[in-house]
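Visitor: I am new to this structure. Please pick one part and take me through it closely.

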There are 2 protein chains.
Amino acid sequence: MKLLYFLVTLCWLSALSAVCYSQTTRTTSSPDKRIRLTVSVNATGELAYALTFQGQPVVQPSALGFTLSKPALALNRFRLVSVDSSRTDETWKPVWGEVAQIRNQYNELALRLASQTSPAVQVVVRFRVFNDGLGFRYEFPQQPDFQHFVVADEHTEFRMAADHQTFWIPGDYDTNEYLYNTTKLSEIDAVAAAAKEKDIALQAIIGPDAVQTPLLMKTASGLYISLFEAAVLNYPVMHVRLDKARLAFRAQLVPDAVGNKAYLQTPTQTPWRTVIVSDKATDLLASKLILNLNEPSRIADPSWIKPQKFVGMWWEMHVGKANWPLAGGKHGANTANVKKYIDFAAQYGFDGVLVEGWNVGWEDWFGNWKEDVFDFVTPYPDYDIDALTAYARQRGIRLIMHHETSGSVTNYERRMDAAFGYMRSKEINTVKTGYVGRIIPRGEHHDGQWMNNHYQRVAEKAAQYKIMVDSHESSRPTGLHRTYPNWLASEAARGSEFNNAPTLGITPEHTTILPFTRMLGGPMDFTPGLFHMRLNQFESTRTTRVRTTLAKQLALFVTLYSPLQMAADLPENYLKYLDAFQFVRDVPVDWDDTRILAAEPGEYVMTARKGKGSSDWFLGAITDENSRSLPLPLDFLEAGATYEATFYRDADNADWDTNPEAYTIDKQRVTRASKLTLRLAKGGGCAIRFRKL
Amino acid sequence: MKLLYFLVTLCWLSALSAVCYSQTTRTTSSPDKRIRLTVSVNATGELAYALTFQGQPVVQPSALGFTLSKPALALNRFRLVSVDSSRTDETWKPVWGEVAQIRNQYNELALRLASQTSPAVQVVVRFRVFNDGLGFRYEFPQQPDFQHFVVADEHTEFRMAADHQTFWIPGDYDTNEYLYNTTKLSEIDAVAAAAKEKDIALQAIIGPDAVQTPLLMKTASGLYISLFEAAVLNYPVMHVRLDKARLAFRAQLVPDAVGNKAYLQTPTQTPWRTVIVSDKATDLLASKLILNLNEPSRIADPSWIKPQKFVGMWWEMHVGKANWPLAGGKHGANTANVKKYIDFAAQYGFDGVLVEGWNVGWEDWFGNWKEDVFDFVTPYPDYDIDALTAYARQRGIRLIMHHETSGSVTNYERRMDAAFGYMRSKEINTVKTGYVGRIIPRGEHHDGQWMNNHYQRVAEKAAQYKIMVDSHESSRPTGLHRTYPNWLASEAARGSEFNNAPTLGITPEHTTILPFTRMLGGPMDFTPGLFHMRLNQFESTRTTRVRTTLAKQLALFVTLYSPLQMAADLPENYLKYLDAFQFVRDVPVDWDDTRILAAEPGEYVMTARKGKGSSDWFLGAITDENSRSLPLPLDFLEAGATYEATFYRDADNADWDTNPEAYTIDKQRVTRASKLTLRLAKGGGCAIRFRKL
């Protein structure tokens, strides 16, 4: 590998001592040379990095470093000890995913640095430059006089070159379930944005200047830049705070109950800090940088891990037909109702039935900071779990168990072995976990180091029991599903349930931003597939509604990637539109290939995917509140092959607001040479199945 | 039951409304009429209580009440709803203890009160007046509009009548391992006292005015008053802060990580607040008020619970012969060394051998606030636990397992099932738990509600596994060994290990105060029995030493009650004094009767106990730094019987400072009519076995 470097040494001689300062600069580039990284240690020992894309500044020279609280140490003045460089080009196969194999190609630069004030403390900053961006992390090697330490603050900066358009949600230690705001950097006001949100159960806002990662920006010249992180293990989530004067974001780690950020022991490392950059929005969506920076699977035999589609009575509870607690006469998780879902799942080819509200404790589960809420092994008396297990087994269906912790994680951790053992005894191999409410240990946050360690413990312990995990209200994923492929999906963003939130709901643009932000980290259990848009079906006073067309709901099964997809609506709503429901039945949840055909954040996304082990392709196209026509490039189809394309389109008069359930279904033979255009209604979409003939 | 009460009602008529204020007073007395309680609700709704002993004020009128943080409510103005009174006189048998049966006799007064500001909130204050003092608690009955609530502060007061002599240790959220200070109330300065302590691993001082309970006072007229609490379950420890101007102590509950004190759900209650009072010091030591206020045993079949005496290599580690970690060449818990202790235990009739440092993790166990410290199931490679289990079984000995948590309680709770299961698989049925260091969940304290719930969980889970518990660094006991008789003992005070602490060590008076304070709550694993007083045996530079005579060490086996007694010294030190060691071999750990023959806090204690199921009596007498002669009343011996009394006395020239190991042993026939005097050396003591002939 060719490395360019410059070394400037300046020496001064004072009356008492000879002091030798040097400015050292190292650079490396992406394999395709378009992205260039510069790292420097200046005359006073300050460490900085900068990034360009085809000569355009992406990150201006930005500081790196820490403040430690134990030992008390400002780790921000360094002496360069050594530099290593290397290149990697390899291909690996995920257990499941959007593509069958992934190329991991980067040039690496690793600087070993010693603290100027405490020379016994050394840190390695490792940079990897990919064709789609940069990842870097701090590594703390084993060293005799630096073993246990406590991070008070991480000072990693991301200094922007101009006042970019930005897609952001407020920085918050406990929730990521916000709608996105689109403003200039200089217009960010997280406190004002958070104040508009009335439907989030628990907020812990950081300040007006704090926003969450993944953070998307678009420059005036058309570059797409994403700030994020990968492989958050044993470390808190990194939010960022903006210094508007310098247009510089600085890491804001989530504190623990006493204000510390992370308790670490050498050898260790931080998560990767990432800057994904492209001049094409579609390339950013196709980036595998986050996955490449995660460690390979720790599950030796993943044969028991299966992507799956499921149904359940969850949406009944949201729209007022049923409820979680036994009391009140609307208990959803009763034996007869679950049987109905099992029948429906079996008839229409689903894998699982999610059952919420099955276990004792829902009477006072929320809002009391109560520790002993659920025991995870005691069904309500009207829920005959053994009979249902047998009934499901006969029909080839698995129940999916819900473990709502109510945020009482100490309680869950005490009971996890018993709970997972109970699941296995009931032949249940998928758990949906939930963390609604304030965390216990009290003072901890959903996004802190302690909770991130908890989510990891859940993934690891579940794997011991061969259980797959779908976590809700957890910190947003950072590619850990590569390492723990039994951790199929997370919620960790505003999902479809907010269609029932009265204040802001889900805007039509929301699902066109998610793939550019939250979903860069991993699959989302968004729960698409709502066919009935006005949510006053059971409570006539209800004013909430779904702001999409029905066709867009179908398209979301493709545009929002997840190996675990819920068809969220009620069986009776699907039975009204069985022809449209056919797409939900057909669409796979595991893929051999994915092509992002068109995308613009906040406007539209068009994605095509090829089913795992299949020659069929599926396409989803969605738009924001605007109707639009998008050319449909079909060159992903196999050369020489003809496909029967089934189009699930918005009807001509469809409109999310006035006529959401209007759709048309038509079929057409196509080849890769076919020239077609897709028309999407306001808040609309289109789903297509391409069946190879 | 005869109840005296007064009711004064005053009504004013204002221009706008008729407001009716009443001052209500209720009184009741102890069954023997010597103690009298007065409870009043004054014209503004303030609730107060007062206590007298034979007409002398013990507690001046003192406030009762709370501030709640959720719902936000000052619960300090009440309307009296109803008053109930009753009397109880019953006898119960402890599973083990100082006496074979206990009389529980009291008069009860229960006031049901409604909050003036939130009438939907009702509280019952229940008072029980015994012949030896008062217990009262707050009860929160189930009520429709008051379910979950959070205690911000408890305002219970104890207002003293004069500037009493007081035996106190500094109020501290994390440790109770202080030496006692003896001052007037007005001279209390807890910060200054705490600053003198250099050998306590972790301190969390509350303020100059804060001291711990049990708190002992002596009035100028010779009353002994103890402020304490009983049955601390699901609630933090109560320390007290002194308002010197009013001579009033006010409850200072231990906060959690966010500053709240307790999270409660109706129906619930606080622990009992207690005032033990007597004009005889010996009666205070004999009080069973704390036990009587605890609930009966929750262990249906306690047949597996056995008081026991044990040895172990723990003291080797303190004096520098051995160490806990494997590294360093002095690993104490190696197979050969443990075999030696098993042999010694078997030869001299002990039940168990405590093994500390047996498991991996001691290399960096302390001071790092590290969460994953020990796993409790991985022995060091030089410790062959299976071979030792078999070796011990052949000799009728049980190993005692050590679970040091390092304060990382989340880690322990995750692993407790596995750890207790592992113990059972190794035929080990007693665990010594340890909580050295800062608590995890971070921000919690050893004495907070969360940790008190943890200690209870340990007792309960251990009972499921038929395991007995000896907890160290836990909050001080409050009689819960009645409810959980498998919780044999706690440390929870300055124990014998501090003989090796260089700064203050253990003063000769310390063990004459412990029975008046810490030990009112329950057995202490003090670990007496040190025979070698100058602790430079293995490290010649060591200056620490034991400040007692050898005879006093023997007497401590009687004066410091515990069903779990360690003979703490090294076998080689016992082999030097086998004639004296005979007393340690003979002394029981369970008793049918106990008589406190003489006592003055800070000066001397003389206690006689009758062995369980035996006709033999054992006596211990100890003194402080002063030599003294005490008459020996023998009227506890059976009438008409003759006993062979074996006296283990200080030699004439014995002195804790100059000649600590000098003792004499002599035998004498005695009856209850014998008139004898015991001479105790400076820092000395005397142990006697009375064998019925």
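Guide: Let us start where two helices touch. This is a predicted model. In chain B, helix α7(B) offers B:Val409, B:Tyr412, B:Glu413, B:Met416, B:Asp417 and B:Phe420 to the contact. Facing them from α8(B) are B:Trp450, B:Met451, B:His454, B:Arg457, B:Val458, B:Lys461 and B:Ala462. Sorted by class, the residues in this contact are eight nonpolar, one polar and four charged.

Now the geometry. Two packed helices are described by the angle between their axes and the distance between the axes. Helix α7 of chain B spans residues 409–425, and helix α8 of chain B spans residues 449–464. Their axes come within 11 Å. They cross at roughly 5 degrees. Angles under 35 degrees count as roughly parallel, so α7(B) and α8(B) are roughly parallel to each other.

Next, step back to the two chains. Chain A can be laid on chain B by a turn of 180 degrees, with a shift of 0.0 Å along the axis. The RMSD of that fit is 0.0 Å. This is the relation of a two-fold axis. The same surface serves both copies, as 100% of the contact residues of chain A recur in chain B.

Last, the cysteines. A search of the whole structure, over all chains, finds zero disulfides. Take one cysteine position in each chain. A:Cys686 has a relative accessibility of 1% and counts as buried. B:Cys686 is buried too, with a relative accessible area of 1%. The cut-off for buried is under 20%.

Technical notes. Residues are numbered from 1 along each chain as its sequence is written. Chains are lettered from A and ligands numbered from 1 in the order in which they are written. This is a predicted model: local features need pLDDT of at least 70, side-chain atom pairs count only at pLDDT 80 or more; totals for chains, interfaces and linings use all residues. Side-chain values use heavy atoms; hydrogens and water are left out. Copies are superposed by least squares on the C-alpha atoms of residues with pLDDT of at least 70 in both. Contact means heavy atoms within 4.5 Å. A disulfide is a pair of cysteine sulfur atoms within 2.5 Å. Buried means under 20% relative accessible area, exposed over 50%, partly exposed in between (1.4 Å probe, protein chains only). Axes are lines fitted to C-alpha atoms, for helices over the stretch in contact, and angles run from 0 to 180 degrees between N-to-C directions. Helices (H or I, at least four residues) and strands (E, at least two) are DSSP runs, numbered from the N terminus. Angles under 35 degrees count as roughly parallel, over 145 as roughly antiparallel, 65 to 115 as roughly perpendicular and the rest as oblique. Ala, Val, Leu, Ile, Met, Phe, Trp, Tyr, Cys and Pro count as nonpolar, Asp, Glu, Lys and Arg as charged, and the others, Gly among them, as polar.
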